[in-house]
Amino acid sequence: MVAGRGVALKALGKELHLPGVKAAVLKQQWRAVEELPKKRTVVAKLVKESRGRWAWRPRSLREIKRAEKKCGQKISSGKELMDAWNKRELLRDKASASKWYRENTSSGFGVPALSVKFPELARGWRSVLRIISGYLWTVPRLVRAKLIETQDAGCIFCGDLRGETEDHMLLHCKAWTTERELTEALAGTRPNGDSYKVALRRANEKERRGLLVWAAALLEKIEAKRQATLAPLKITRRRGRSPKDEVLLPDYHAAP
Ligand SMILES: [Zn+2]
């Protein structure tokens, strides 16, 4: 399972039935507000003295109330509040992920429309769709997936010791400087800042169109060179003899 970066991590938490931090805290707050005043120790006294807007009890009560309101349902236990908050977070993640996907794939400015307009960038568009729906196959990802093998921890294309990341590939890798210049001339733009995805998120429709064409053109241009470097590192699987050897066919032509 692939974990990391927002939505995927949330999905992992869902699979393993792990509540988010905020949800777990709400449950504990509920419990404290409910249980602590009943204690027969000094704690009960501390609870009574917990006054003022920012003391823990008034604050917890306020936060619980706010969470209940946001969840839009009547809550009767800490566990219920935790579950409701979790559900709300998951729905919101889904909504923001689908908004991101919709913005970059539908409408006249999305990838499908653009790939019709620039069919010569076919492989590039495929990679752009990978960026939008997940991630590019960087070298560390290929290694983790056991598709290639390399002892080199740095970027195998330019030697940068920090290794290849999506943004290193797109924005910084020295191996693709020429391609990047050609791409900028073709697309008439380039992403600002240190993250392509952040630049894409911040762009308006028109800018986004330019950034998508930019990425498709760059990824199309560097694809062949990447493949040439990666090919010798590919892991080929050999499991003993090939199946053909194991089937013993009767020899019909042998003399009796
Ligand atoms: Zn590099």
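This briefing covers a zinc site and the nonpolar cores of one chain. The model is predicted. Its zinc ion has a tetrahedral site. The largest nonpolar core holds 36 residues, and another core of twelve residues lies apart from it.

**Zinc site**

- Four residues coordinate the zinc ion: Cys 155, Cys 158, His 168 and Cys 173.
- The cysteines bind through SG and His 168 through NE2, at 2.0 to 2.3 Å.
- Angles among the four donor atoms run from 105 to 114°, and the site is tetrahedral.
- For four tetrahedral donors, the ideal angle is 109.5 degrees.
- Along the chain, the donors are spaced as C-x2-C-x9-H-x4-C.
- His 168 has 8% relative accessibility, so this donor counts as buried, the cut-off being under 20%.
- Cys 173 also counts as buried, because its relative accessibility is 0%.

**Largest nonpolar core**

- Of its 36 residues, those that touch the most other members are Trp 125, Val 128, Leu 170, Tyr 196, Leu 212, Trp 214 and Leu 219.
- Six helices each supply at least two residues of this core: H6 (111-117), H7 (122-133), H8 (139-144), H9 (166-172), H11 (196-202) and H12 (205-230).
- H12 gives the largest share, eleven residues.

**Contacts of Trp 125**

- Leaving aside residues up to four places away in sequence, Trp 125 touches Val 111, Leu 114, Ser 115 and Phe 118.
- Under that same limit, Trp 125 also touches Leu 212, Val 213 and Ala 216.

**Second core**

- The other core, of twelve residues, includes Ala 23, Leu 26, Val 33 and Ala 84.

Terms used
Residues numbered from 1 in each chain as written. Predicted model: local features only at pLDDT ≥ 70, side-chain atom pairs only at ≥ 80, totals over all residues. Heavy atoms only, no water. Donors = N, O, S within 2.8 Å, 3.2 Å for Na, K, Ca; no water. Tetrahedral: all angles 85-135°; square planar, octahedral: opposite > 155°, others 65-115°. Buried < 20%, exposed > 50% of the residue type's maximum accessible area, 1.4 Å probe, protein only. Core = buried A, V, L, I, M, F, W, Y, C linked by side-chain atoms within 4.5 Å. Helix = DSSP H or I, 4+ residues; strand = E, 2+ residues; numbered from the N terminus. Contact = heavy atoms within 4.5 Å.
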